[in-house]
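Biologist: Could you walk me through this model before I head back to the bench? I'd like to ask about it piece by piece.

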Amino acid sequence: MDKSTINSLMEQIAATRAATTKELEEARVRFLGKKGAITELFEQFRSIPADQKKEFGQLMNQLKNAAAAKIEELREVIENNGAAAEGTAKEDLTMPGSQYDLGSRHPVSIVRQEIVDIFRKFGYDVAEGPEIEDDWHVFEALNFPPEHPAREMQDTFFVSRGEQQTDENGNTVWHNPLLLRTHTSSVQVRTMEKKSLPIRVVCPGRVFRNEAISARAHCIFHQVEGLYIDEGVTFADMKQAILLFAREMFGPETRIRMRPSYFPFTEPSAEVDVSCNICGGKGCNICKGTGWLEILGCGMVDPNVLEASGIDSKKYSGFAFGMGVERIAMLKWQVKDLRNYFENDLRFLNEFNTVL
Ligand code: PHE
């Protein structure tokens, strides 16, 4: 017997593995059984010279203890695993942790924030207002004539009909109905009423229209509308602000074009298209071959609107614009069906979880 035999046995013990009780028993027999390697060493102890007996005795005892401890350790692991299989185990600290899905921002929130951030950079404040509004802030103050179709039940969700009255012809009329705002221009009216001029605001928020839900329309969507009022504001200022916005949003090469349009609260009014960011204006299926994509409505605030909020239209002028957030998001990511934004289908939402 020499020390290298003891060392090699020590290494074998450390390297011993056992997955089952049978393997464990085999290991025990191999080292500590009647004919086991360690038992045999003890049998050779007699032949060791007397002056080395003490040293070897200690080493052999260490070896025996190490083997016994190892067998005991393996037995515990095997018993615990067996118990785990029966569902009675204490926690198994070697198991990988459970995975928690992290939430992420909704694509509509991402784009709304992006739009707002661009205008913030230009010096605009953010204003918010109620979703349940009165007729004044949604229509009357914005120069909607009484017979305008947007005031009808088909377009507007009413919360309450208001007070019942009889007009001079004996017909029943309703005053001061409450309704769900159909655009965030109502927040612009509320901002103008505060009369701290000049005004530079963007108004993000949810709006509601009584429309049949389809790939291109929904009864709830989001807008960001903007308003700029000061002395001497011109159409050229508006055009420049919108061009800068479009370039920030869709890239520095973006061009815009304006088409004449009509809104009760602006005069003149325009609809703005951006050059298609997919084909660069050559024409593709996203822009339906035109090279242009419509992104927003805008115009110079009608003097009637300024006056309705108590702003002197001789002294002040301004421009307003409004865009649908879902629409901008659809153009940005080529989402074909608006309903994706409202159905919370994780397969859709997960596509955006790396966009921060
Ligand atoms: N309020 C309009 C809409 O909801 C958008 C708009 C705002 C147009 C401001 C012109 C000026 O469609």
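Biologist: Let's start at the helices: in which helix is Lys22 found?

Modeller: Keep in mind that this is a predicted model. The helix to look at covers residues 21–32, and Lys22 falls inside that range. So the helix with Lys22 is α2.

Biologist: And is Lys22 buried or exposed?

Modeller: The relative accessibility of Lys22 comes to 62%. Anything over 50% is called exposed. Lys22 therefore counts as exposed.

Biologist: How far apart in space are Lys22 and Asn353, C-alpha to C-alpha?

Modeller: Along the sequence, 331 residues separate the two. In space, going from the C-alpha of Lys22 to that of Asn353, you cover 50 Å.

Biologist: What about Glu11: buried or exposed?

Modeller: You'll find Glu11 in helix α1, residues 3–15. Its relative accessibility is 60%, and the exposed class begins over 50%. That's why Glu11 counts as exposed.

Biologist: Which residues form a nonpolar patch with Leu178 on the surface?

Modeller: Leu178 itself sits in strand β6, residues 178–180. With 34% relative accessibility, it counts as partly exposed. The patch has about 240 Å² of accessible area together, and Leu178 shares it with Ile132 and Val159.

Biologist: Now the ligand. How far is a polar side-chain atom of Glu225 from a nitrogen atom of the ligand?

Modeller: Glu225 is among the closest of the 13 residues that surround the ligand, a group that also includes His183 and Arg209. For His183, an N or O atom of the side chain is 3.1 Å from a ligand nitrogen, and for Ser185 the value is also 3.1 Å. For Glu225, the polar side-chain atom and the ligand nitrogen are separated by 2.7 Å.

Biologist: How much of the ligand's exposed area does the protein bury?

Modeller: Take the ligand alone and it exposes 320 Å². Put the protein back, and the share of that area it buries is 89%.

Biologist: Which strand gives the most to the shell around the ligand?

Modeller: Three strands each supply at least two shell residues: β8 (220–231), β11 (292–301) and β12 (316–324). One of them contributes three residues, and that top contributor is β12.

Biologist: Last one: by class, how many residues in that shell are charged?

Modeller: Go through the shell class by class: five residues are nonpolar and six are polar. The charged class has two.

Note on methods:
Residues numbered from 1 in each chain as written. Predicted model: local features only at pLDDT ≥ 70, side-chain atom pairs only at ≥ 80, totals over all residues. Heavy atoms only, no water. Helix = DSSP H or I, 4+ residues; strand = E, 2+ residues; numbered from the N terminus. Buried < 20%, exposed > 50% of the residue type's maximum accessible area, 1.4 Å probe, protein only. Patch = residues over 30% accessible without salt bridge, like charges linked within 9 Å, V, L, I, M, F, W, Y side chains within 5 Å. Areas by Shrake-Rupley, 256 points an atom, 1.4 Å probe, with all protein chains shown as cover. Salt bridge = Lys/Arg side-chain N within 4 Å of Asp/Glu carboxyl O. Near = heavy atom within 4 Å. Polar contact = N/O pair within 3.5 Å; in protein donor to acceptor, adjacent residues only side chain to side chain. Nonpolar A, V, L, I, M, F, W, Y, C, P; charged D, E, K, R; others polar.
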